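Dear colleague,

I am passing on the structure we spoke about, and I would be glad if you could look through it alongside the notes below.

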Amino acid sequence: MTAEPVTASIHIDAPPERVYEYFTRPEALVRWMGEYAVLEPEPGGQFTVDILGTPVRGRYLELDPPHGLLIAWGYAGAGRLPPGASIVEVRLTADGTGTRVDLEHRDLPPAQQPGHTAGWTHYLARLAGAAAETTEAAAPDPGMPQVQRLTHTVGNA
């Protein structure tokens, strides 16, 4: 059974071209999410990021620079959300001098929805700081509160 999609939106004080890079360049991605990334931004290309020891594994499904992307998402070694089992859609829309980011994470099991809701809120706020190049974004990712990390561990995924 799949829950309703997790959705999140944020305005970022940076143009869509810059924001898009934060989903496709490893050194940019780890400024706001995770500590290690291997990205091959082409259809079927690898999407690998380790977020505080949690191995996110998937593939880029569609890329439409700088308007959006579609990423298959899951966790290595996870039974309930294996690599590529869910879909993250990111839409980037020019909004004045900045960008509106609309994210929809589909095909999540109901038990995964609360963790991903909190997670995307946390990480999109970090993306806003990174893309706008604020000093807070340069700090290492503190991660989610302990209760949040438990919902993302491989054993409980």
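What follows is a short account of the sheet, the helix that packs on it, and the cavity.

Please bear in mind throughout that this is a predicted model. The sheet is open and has seven strands, which pair in an antiparallel manner in the order 1-7-6-5-4-3-2. Its edges are formed by strand 1 (6-12) and strand 2 (36-39), each of which pairs on one side only. Direction ignored, neighbouring strands of this sheet are turned against each other by 20° on average. Within the sheet, strand 3 (residues 46-51) and strand 4 (residues 54-64) run antiparallel and are joined by six bridges, and Phe 47 has Gly 58 in strand 4 as its bridge partner.

Helix 3 packs on this sheet, where it touches strand 1, strand 3, strand 5 (68-75), strand 6 (86-95) and strand 7 (98-106), and its direction makes about 15° with that of strand 1. The helix itself covers residues 113-131, 19 residues in total, and reaches 26 Å from its first C-alpha to its last, which is close to the 27 Å expected at 1.5 Å a residue. After helix 3 comes Glu 133, which has a positive phi, near 60°.

As for internal space, the count comes to one cavity of 30 Å³ or more, and the largest cavity holds about 30 Å³. It is lined by Phe 23, Met 33, Phe 47, Ile 71, Trp 73, Val 88 and Trp 120, a lining that divides into seven nonpolar residues, no polar and no charged ones. Phe 47, named above for its bridge to Gly 58, is thus also one of the residues lining the largest cavity.

With best wishes

Note on methods:
Residues numbered from 1 in each chain as written. Predicted model: local features only at pLDDT ≥ 70, side-chain atom pairs only at ≥ 80, totals over all residues. Heavy atoms only, no water. Helix = DSSP H or I, 4+ residues; strand = E, 2+ residues; numbered from the N terminus. Expected span 1.5 Å × (residues − 1). 1 Å grid on protein atoms, 1.4 Å probe; cavity = no way out; pocket = protein on both sides within 12 Å on 5 of 7 lines; lining within 4 Å. Points joined across faces, edges and corners; volume = space filled by probe spheres on them. Nonpolar A, V, L, I, M, F, W, Y, C, P; charged D, E, K, R; others polar. Pairing = 2+ DSSP bridges. Axes fitted to C-alpha atoms, helices over the stretch in contact; angles between N-to-C directions. Contact = heavy atoms within 4.5 Å.
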